[in-house]
Amino acid sequence: MQEMNYGCGTILHLAELVNNPTVLYVGVGAGLEALQFAYFSRRPGSVITIDPVPEMRQAAVKNLEIAPQENPCFDPSFVEIRQSDAFNLPIEDDSVDVVAQNCLFNIFEPEDLSRALHEAYRVLKPGGRLQMSDPITTAPIPEHLQQDERLRAMCLS
Ligand SMILES: C[S@@+](CC[C@H](N)C(=O)[O-])C[C@H]1O[C@@H](n2cnc3c(N)ncnc32)[C@H](O)[C@@H]1O
């Protein structure tokens with residue numbers, strides 16, 4: 001998982017993850033933060049994660065099957081991986097305590113970002129939290145760099 005960590009920063013704030021929260025993690029990557037969130041709830045389905053890319057879902061499934069060897073408190077049933085995307089969350093309204101994403105929303109164009117944020121707020125319970133980590137810039141990024149797919153995929157532009 002550490003070799004396949006495509007995040008920037010961390011979104012886990014230990015003092016905030018109280019009361020066995022149900023977490024929706026958008027964009028599973030290799031599963032590292034889904035595993036870390038599961039530590040705080042430790043019950044089947046307490047972390048739901050979605051990803052539209054089959055290769056990423058497969059990598060996460062594989063890594064989470066290995067995880068109990070290194071993490072005795074973890075059971076793969078704690079994390080449920082679903083095929084979907086940030087724009088159409090397969091989750092009921094007002095049903096999760098935390099929505100989290102790391103190094104994903106920054107690559108969305110403004111219209112898609114609005115949809116993703118709208119979906120996050122739709123599924124959050126009242127008083128729930130949206131936890132995000134993304135690179136930001138204080139100066140405009142030139143258009144040709146913004147449109148460079150490789151740099152976008154690396155969350156650099
Ligand atoms: C840069 S990686 C970050 C992965 C993970 N959050 C981490 O910290 O390692 C972005 C992830 O979002 C997924 N992704 C891409 N487009 C998405 C979308 N529209 N909705 C949800 N996930 C998406 C990718 O397949 C990938 O797993």
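A backbone N or O atom of G7 lies 3.3 Å from an oxygen atom of the ligand, and this contact is a useful place to enter the structure, which is a predicted model. Two further backbone contacts can be followed from there, both of them to nitrogen atoms of the ligand: G27 places a backbone N or O atom 3.2 Å from one such nitrogen, while for A86 the distance between a backbone N or O atom and a ligand nitrogen is 2.9 Å. The surface of the ligand can be considered alongside these contacts, since the ligand taken alone exposes 600 Å², of which the protein buries 87%.

With these contacts in view, the surroundings of the ligand can be read as a whole. The ligand sits in the largest pocket, and 18 residues are found around it, of which Y6, Y25, D51, A86 and N102 come nearest. A86 therefore appears twice in this picture, once among the residues that come nearest to the ligand and once through its backbone contact with a nitrogen atom, under the 3.5 Å limit for a polar contact. As for the character of the shell around the ligand, its residues divide into eleven nonpolar, five polar and two charged.

Attention can now turn to the aromatic side chains. The structure holds five aromatic pairs, and one of them joins Y39 and F40 in an edge-to-face arrangement, with 5.4 Å from centre to centre and 80° between the planes. Y39 has a relative accessible area of 46%, and because this value falls between the 20% and 50% limits, Y39 counts as partly exposed.

Another of the aromatic pairs is made by F74 and F78, which are likewise edge-to-face, with their centres 5.8 Å apart and an angle of 90° between the planes. Both F74 and F78 are buried, whereas Y39 in the pair described before is partly exposed. Elsewhere, the aromatic rings gather in a group rather than in a single pair, for F87, F105 and F108 form one aromatic cluster.

Technical notes:
Residues numbered from 1 in each chain as written. Predicted model: local features only at pLDDT ≥ 70, side-chain atom pairs only at ≥ 80, totals over all residues. Heavy atoms only, no water. Near = heavy atom within 4 Å. Polar contact = N/O pair within 3.5 Å; in protein donor to acceptor, adjacent residues only side chain to side chain. Areas by Shrake-Rupley, 256 points an atom, 1.4 Å probe, with all protein chains shown as cover. 1 Å grid on protein atoms, 1.4 Å probe; cavity = no way out; pocket = protein on both sides within 12 Å on 5 of 7 lines; lining within 4 Å. Sits in = over half its atoms within 2 Å of the grid points. Nonpolar A, V, L, I, M, F, W, Y, C, P; charged D, E, K, R; others polar. Phe/Tyr/Trp six-rings, centres within 6.5 Å; stacked < 30°, edge-to-face > 60°. Buried < 20%, exposed > 50% of the residue type's maximum accessible area, 1.4 Å probe, protein only.
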